[in-house]
Amino acid sequence: MSLLDVLPDDFTPLPRVTSREEGMQVSQLLDRAPSVREWLLREKEGSGRL
């Protein structure tokens with residue numbers, strides 16, 4: 001079994017839609033976003049509903 005992907009000769013990659021800096025900003029925001037579990041725990045502590 002091989003996991004090597006071979007692109008066809010006529011393969012054209014999709015153009016980038018963001019700059020590297022914008023991509024890094026999005027990545028940093030996603031890294032700081034709480035998980036669903038963390039968010040639910042915060043909601044539970046803040047409202048006492050769950």
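This report walks through the fold, the surface and a few residues of a predicted model.

## Overall build

Let's start with the basics. The chain has two helices, and its strand count is zero. Helix H1 covers residues 20–32, and helix H2 runs over residues 36–47.

So what about the overall dimensions? For 50 residues, a compact globule would come out with a radius of gyration near 10 Å, but this chain has 20 Å. If you box in its C-alpha atoms along the principal axes, you get roughly 60 × 35 × 15 Å.

## Surface and charge

How much of the chain is made up of buried residues? The share is 0% of the 50 residues. The accessible surface adds up to about 5,500 Å², and carbon and sulfur atoms account for 57% of that.

As for charge, the chain carries 7 positive and 9 negative charges. Take the mean position of each set, and the two points lie 13 Å apart.

## A nonpolar patch

Which residues form a nonpolar patch on the surface? They are Val 36, Trp 39 and Leu 40, and together they offer about 310 Å² of accessible area.

Trp 39 is worth a second look. This residue sits in helix H2. Its relative accessibility is 45%, so Trp 39 counts as partly exposed; the exposed label needs over 50%.

## Residues in and around helix H1

Pro 15 is placed in the segment before helix H1. Is Pro 15 buried or exposed? It counts as exposed, because its relative accessibility is 66%. Now look along the chain to Arg 42, 27 residues away from Pro 15: the C-alpha atoms of this pair are 40 Å apart.

Leu 30 belongs to helix H1 itself. With a relative accessibility of 60%, Leu 30 counts as exposed. Between Leu 30 and Glu 45 there are 23 Å from C-alpha to C-alpha, for a separation of 15 residues along the chain.

## Arg 37 in helix H2

Over in helix H2 you'll find Arg 37. Why does Arg 37 count as exposed? Because its relative accessibility is 61%, and the cut-off for exposed is over 50%.

How far is Arg 37 from Glu 21 in space? Going C-alpha to C-alpha, the two are 29 Å apart, while in sequence they are separated by 16 residues.

Note on methods. Residues are numbered from 1 along each chain as its sequence is written. This is a predicted model: local features need pLDDT of at least 70, side-chain atom pairs count only at pLDDT 80 or more; totals for chains, interfaces and linings use all residues. Side-chain values use heavy atoms; hydrogens and water are left out. Helices (H or I, at least four residues) and strands (E, at least two) are DSSP runs, numbered from the N terminus. The radius of gyration is taken over C-alpha atoms; the globule rule is 2.2 Å times the number of residues to the power 0.38. Buried means under 20% relative accessible area, exposed over 50%, partly exposed in between (1.4 Å probe, protein chains only). Accessible areas come from the Shrake-Rupley method with a 1.4 Å probe; for residues, only the protein chains shown count as cover. Lys and Arg count as positive and Asp and Glu as negative; His and the chain ends are not counted. The place of a charge is taken as NZ of Lys, CZ of Arg, CG of Asp or CD of Glu. Patches are made of residues with over 30% relative accessible area and no salt bridge: like charges are joined within 9 Å, nonpolar side chains (Val, Leu, Ile, Met, Phe, Trp, Tyr) within 5 Å. A salt bridge is a side-chain nitrogen of Lys or Arg within 4 Å of a carboxyl oxygen of Asp or Glu.
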